[in-house]
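Reader: I should like to go through this structure with you. Could you show it to me before we begin?
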Amino acid sequence: MNSLAFDTHKAVKALTQAGAAEPLAEAVVYSIVGAMGKSPVTYDTHKAVDSLKEAGASDALADAVVATIVTALFGVPMPGDEPEDEYPWKKRS
């Protein structure tokens, strides 16, 4: 899917109808759009996690959203699928 085919307004509406606060719904959609057209190397997972937390997501939710985006768009395994069971972006220097 390319970013032109992704209806951000419908995505935000669906998330808010499912119970997400609007700032969080917007942050989730922004994280998805931010990943489109990137590679696993150029997608800033730290920035995505931080923006989700700033919008009200818990640590666990922010990690899960970014892991889902990375897995869906880049085919990178989610934690638990590899011997090292940790989100790569948690390994900050």
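Author: What follows covers the overall fold, one helix pair, a salt bridge and the surroundings of the opening helix. Please note that this is a predicted model.

Reader: How many helices and strands does the protein chain have?
Author: The protein chain has four helices and zero strands. Along the sequence, the pattern reads α-α-α-α.

Reader: And what share of the residues is buried?
Author: Of the 93 residues in the protein chain, 29% are buried.

Reader: What about contacts between residues distant in sequence, 24 or more positions apart?
Author: Such pairs supply 47% of the contacts in the protein chain with a separation of 6 or more.

Reader: Let us turn to packing. At what angle do H2 and H3 pack?
Author: Helix H2, residues 22-35, packs against helix H3, residues 45-54, at an angle of about 170°, and their axes lie 9 Å apart. H2 is therefore roughly antiparallel to H3, since angles over 145 degrees count as such.

Reader: Which residues make that contact?
Author: H2 contributes Leu24, Ala27, Val28, Tyr30 and Ser31, while H3 contributes Lys47, Ala48, Ser51 and Leu52.

Reader: How do the residues of that contact divide into nonpolar, polar and charged?
Author: Six of the residues in the contact of H2 with H3 are nonpolar, two are polar and one is charged.

Reader: Changing topic to electrostatics: how many salt bridges does a search of the whole structure find?
Author: The search finds one. It joins the side chains of aspartate 59 and lysine 53, with an N to O distance of 3.3 Å. Side chains of opposite charge can pair when their charged atoms come close.

Reader: Are those two residues buried or exposed?
Author: Both fall in between. Aspartate 59 is partly exposed, because its relative accessible area is 47%, and lysine 53 is also partly exposed, at 34% relative accessibility. The class in question lies between the cut-offs of 20% and 50%.

Reader: Now the start of helix H1: which backbone nitrogen does a side-chain oxygen of aspartate 7 reach?
Author: That oxygen comes to within 3.1 Å of the backbone nitrogen of histidine 9, at the start of H1, which spans residues 8-17.

Reader: And what follows H1?
Author: Glycine 19 follows H1, and its phi is positive, near 115°.

Reader: One last residue: where does alanine 14 lie?
Author: Alanine 14 lies in helix H1 and counts as partly exposed, at 44% relative accessibility. Its C-alpha atom is separated by 8.6 Å from that of alanine 25, eleven residues apart along the chain.

How values were computed:
Residues are numbered from 1 along each chain as its sequence is written. This is a predicted model: local features need pLDDT of at least 70, side-chain atom pairs count only at pLDDT 80 or more; totals for chains, interfaces and linings use all residues. Side-chain values use heavy atoms; hydrogens and water are left out. Axes are lines fitted to C-alpha atoms, for helices over the stretch in contact, and angles run from 0 to 180 degrees between N-to-C directions. Helices (H or I, at least four residues) and strands (E, at least two) are DSSP runs, numbered from the N terminus. Angles under 35 degrees count as roughly parallel, over 145 as roughly antiparallel, 65 to 115 as roughly perpendicular and the rest as oblique. Contact means heavy atoms within 4.5 Å. Ala, Val, Leu, Ile, Met, Phe, Trp, Tyr, Cys and Pro count as nonpolar, Asp, Glu, Lys and Arg as charged, and the others, Gly among them, as polar. A salt bridge is a side-chain nitrogen of Lys or Arg within 4 Å of a carboxyl oxygen of Asp or Glu. Buried means under 20% relative accessible area, exposed over 50%, partly exposed in between (1.4 Å probe, protein chains only). A polar contact is a pair of N or O atoms within 3.5 Å; within protein, one must be able to donate a hydrogen and the other to accept it, and residues adjacent in sequence count only if both atoms are side-chain atoms.
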